[in-house]
Structure formats: C-alpha cells, structure tokens
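The following note sets out points for a colleague preparing to work with this structure. Please read it alongside the sequence and the coordinates.

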Amino acid sequence: MDGNGTVRRNAAAAARPWWKDAVVYQVYPRSFQDADGDGIGDLKGLARRIPYLADLGVDALWVCPVYDSPNDDNGYDVRDYRAILPEFGTMADMDDVLGICRTHGIRVFMDLVANHTSDEHAWFLESRASKDSPKRDWYIWRKGRDGGPPDGLTSHFGGSAWEYDERTGESYFHLFSRRQPDLNWENPEVRAAIRDVMRFWLDRGVSGFRMDAITYLKKDWANAPADGPAAAMCLNKPGLLDFLREMKREALAPYGAATVAEAPGVPAERAMEFIDPDDGVFDLLFTFDHVDLDIAGVPRGQRRPWDLRTFKRGFTDWEKAAGERGWLALYLENHDQVRSVSKFGDDGRYRTESATMLAAWYLLMRGTPFVYQGQELGMANAPFRTIAEYRDVDALNLHREALAAGRSEAEVLRYLAVRGRDHSRTPMQWSGAPNAGFTDGTPWIAANPDCLTVNAEREAADPGSVLSFYKRLIRLRRTHPAFVHGTFEEILADSQALGGYLRTLGPARFAVVCNFTAASQPLPDLPALRGMRRVLGNARSGAPDALGPYETRVLGTAPTTD
Ligand code: TEU
C-alpha cells in the first residue's frame, strides 16, 4: 500500500510541480544591497533583505551571476563557475544565503551562463595558449581572411564577432562582448564540463537554473551569412534541442532541477518543443515579443513604433501556444530591460496607477510570474543625461560605434534613455536616505533621485502604494487556485485602450480588466463579466461601466479577500 501511495504522490508532484504555484523574484546582486560600504551590492546585503522578500510573498529567487568574473558584462562573463566574486563575498556567504532562504521556504535559481565564458576563464587561457592545446577546440577558432576577420559577422554588443589573437594568429568567435568567447558546444567535453558545473550547484542546494542565452548554443556554420548579426546563425538552430535533451537527461532530471530558459528566437508556435512536460527540455520560458516590440534591428540602436495590441499579443499568443500543457515565465522587467512603468505606463502623474495596473495585467495570467527587484515599488528609468552616467558594456559600445559611424550623440542618448539596460540596474530603493539606503559608500551606478518618494520603507507603510498592491496581488494568486491552474481566455483583444482575460477553474471564474491609457474608458458590457463582483482593484470607487486612468479591476464569482 505504501508503495502505491508513494507512486501516486510522485505522480501528483510531477503533475503539479512547485514552480507552478510560485512567484519568483529576480535579484541583481550588484544593485540590491551593499553591506560593506564599497558601493557594490553583495551576498551579505542580500541575506539581510531576505525577510523583506518573504514578506512580499515570493517563493523563489533568481539570483543573477555572482561567480568570479572580471565583470566586463557584470558577471555574465564567468571566470570561475565554482567561486564567488570577492566583491560579492565568499562561498560561505552564498551558503548562508541558501540557508536563510531555506528557513523562509524560498528556493533559489542560479543564473547559468553556458554559451560563453570570460576570456579569463582557465579553459579559455588554455585554449588560446596554442593550436595544440587539448582545450583548443573548447572554443571556436578560425583563420582570418585577407588580413581581416574570418567573415563579416557582427556581435550582439557591436563590432566584429571575431577577435584576433596574436599568439596563434587566429580569431575566436564571440556573440557578445570580445571578452565573452563562445564555448564550442559541438565538443562533448564542453558539454560534460557544463553539466559538472550544474551538479556542483545542485549539490549545494539550489533548486534549478535560469539558463542564460541558452537558445544560442548551436552554431549553424553551414548556413552562416557572410555578414550581418552573428545571431542569425546561432539563434535556435537545428540541433539545439539535442544539446538540451542531453543536458536534461544527464544533469537536470536526476536532481529534479527546475529550469527557466531565456529563449530569444523561439517563436510562439514552437514553444512546446521546449516546454512540453514530457518531451520538452525546460520547465519555463522567458519570451521576448512583449519587451522587444520597440527594437528595429540592424543597425543597432534604433527603435520602431508599437501599439497596445502588439504588446498584448506578446502575452496572449504565448498563452495560446502553451495551452493547457505548457507553462510560461511571465515578466515585465529584468536586468536587460527598462522599467515597465516608464515604458508601458506613466512614470509621472499616474505612476502608482499604471505600475499597479501593469502588475495585475501580468501577475494573474497562466504561468509563473517573475518580479524584478524594484518593480514592486514602481521604480522608474534613470534620468541619465550623459554617457558618463552609463556603465553597461552594451551601451558604451553602442555609443562609441554610433559616433564613429557619424550618428549624433543626441540620437544615441535618446535611444539609451528609453532602451539602455542600466535603467533597471540602478540601486534598489530601500529608503529616502542617501543613495536610497543601498550603500554607505559611493554606489557603482547612481541611485535614482526619485528614491525620496519611491522607496520600500515609505511604501511598506502606505496601503495605497505599489508595494502594498503587489502583496495583495500575490496573496490573491495564492488564495484562489483558478489564478494558477485555471484556463486562460483573452477578452478585449481588439481594443487599443483596454486589455483583459478570464481565468476559470471549475465553478471559480475571474476576470482581470486593465485600462492602459490616461483617459477614462467605457468598459463594454461583456457577457463573460456579467454577475461578477469586484475582488480587487487599484481604484477605490468608480463607475461599474468605465475604467479610470490606468485603472485595473479583478472581478470574480468567488468570495473576495480584498
Ligand atoms: O542576454 C542575452 C540575450 O539574448 C539578450 O541580450 C537579449 O537578446 C536582449 O535582451 C533582447 O532585448 C543574456 C543576459 O540576460 C545579459 O545580461 C547578458 O549580457 C547576455 O546574456 C550575455 O551573457
């Protein structure tokens, strides 16, 4: 009987894995909390703030890279996967973070950077030492042509995707910065080495990984163009899934590790290849349609117009593709994106309204919501005016390159003001104290001066704050299984002002309606909404048949918690 009971319990656990019910919080440690006054966030600082995260109601953290690194790309250039960057602390500090998280029932996703290493990683030093090095083939080396690079492919962060190395007279391939050489995933030793890294961290107690740039692993050299962005020949190419299946089978599945994959280049119609619960390779996918809707492509640094329907489809097309079997990672912000209240809302007059409306828009959808640090406060883009205020290698490269190509500095700064990755990397706003309570020293990047009014201390004491609304939303999601396991159905799909959806589980029916504009909007009399009552909202009063500026309302048939 016991045996059968165990089998049944395991089957139930497999059908309802922990991450479906979870809300995940993304920490960018460099900007979260500095404990030692050097102006750089660290693991002791993170440890100190875990009770804040528990109080917010999150179940898991995604911790951006804290590995040893020369920091060319803020830790996404790993020098040693098994060591902690001294600026962040020690391995003992990391174990403390894991231990404190455990006492709060919070799990941890490590950020796994598997596509490339730092050019200071021991593997690369060995690889570059000579053409006969046993690790030569761990990276991608080619002879140049006519005194130039092997081809005209360009890197994601600008310039050639090849870096010439005098020692052996060959060039190595780098999709990102020249200090981030790509690993050669065709080599089985490389794949085994990365699997060992995964086991190292799983043995230390992490629950899984956020897989960085994971859809770029397979390079399609046979069909590579002669020039243009290198991404074209390494974004979700045939053979990628073979690498990922092996990774899952050999390293992840034996541990029951959870995975969330950064998946640029995966179109909605191919989502299930990655997240089918049986045949897929990951549990959750980060998709890009809703955040990259304003990027024009080549040359870098240009935007294109977008409308609300496109934004909404960035969510709903994926919900449709995931259907009842797939599961999505839901997000508005991360360390590569700008602040959502600045991009999709109004960070001036309607900051609180629009930040809370955006929260309801995505947090109650079908999938696992990720909240990026400071998003729960309604943190906005930084008011940077000069290039000297930016820190990101991508921004600095773009600035240099664009100026060299004859573009005006004003144009580049205009682009960075709305697209620069540093907007989400300014210090977490804990209080109105100097440097937002982030550090006693000089922060590595300036704090947003609006921390005087937008900060955790103040918002915790204000029931009408963005922070308080996030807590209520997270509680609501936890109270009603329909928000987690219910079906998803879009409403108001054609509207260029409103958005909404229905969540249904058995007799429990809920609707979320959102006004994405600063004007009051009539709410159509939809049959699906009839008989529903207000469960939660960001405006206290209001006409039942209209939504005020950036108003959101959660309606439902079940008893309310608000
Ligand atoms: O980002 C990789 C990546 O695919 C993004 O650059 C994406 O294409 C872009 O955000 C689209 O808007 C990851 C990390 O998140 C990023 O911080 C690193 O710089 C990069 O990998 C290299 O490791």
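1. Ligand surroundings. The model is a predicted one, and its ligand has 20 residues around it. Those that come nearest are Asp73, His116, Asp212, Asp292 and Asp336. By class, the shell divides into nine charged, six nonpolar and five polar residues.

2. Polar contacts. His116, already listed among the nearest residues, places a polar side-chain atom 2.8 Å from an oxygen atom of the ligand. For Arg210, the corresponding distance from a polar side-chain atom to a ligand oxygen is 3.0 Å. In the side chain of Gln337, an N or O atom is 3.5 Å from an oxygen atom of the ligand.

3. Burial of the ligand. How much of the ligand's surface does the protein bury? Taken alone, the ligand exposes 510 Å², and 95% of that area is buried by the protein.

4. Domain layout. The domain assignment splits domain 1 into the segments 18-117, 188-380 and 453-460. Domain 2 covers 122-173, while domain 3 covers 485-556. Between domain 2 and domain 3, the C-alpha centres are 55 Å apart.

5. Confidence. The chain has a mean pLDDT of 95, with 96% of its residues at 70 or more. Residues 1-7, however, have pLDDT below 50, and this stretch makes zero contacts in the model beyond near neighbours in sequence. Predicted coordinates should not be read in detail where pLDDT is low.

Methods
Residues are numbered from 1 along each chain as its sequence is written. This is a predicted model: local features need pLDDT of at least 70, side-chain atom pairs count only at pLDDT 80 or more; totals for chains, interfaces and linings use all residues. Side-chain values use heavy atoms; hydrogens and water are left out. A residue is near a molecule or strand if one of its heavy atoms lies within 4 Å of it. A polar contact is a pair of N or O atoms within 3.5 Å; within protein, one must be able to donate a hydrogen and the other to accept it, and residues adjacent in sequence count only if both atoms are side-chain atoms. Accessible areas come from the Shrake-Rupley method with a 1.4 Å probe; for residues, only the protein chains shown count as cover. Ala, Val, Leu, Ile, Met, Phe, Trp, Tyr, Cys and Pro count as nonpolar, Asp, Glu, Lys and Arg as charged, and the others, Gly among them, as polar. Domain bounds come from an automatic or database domain assignment. pLDDT is the predictor's confidence in each residue, from 0 to 100. Contact means heavy atoms within 4.5 Å.
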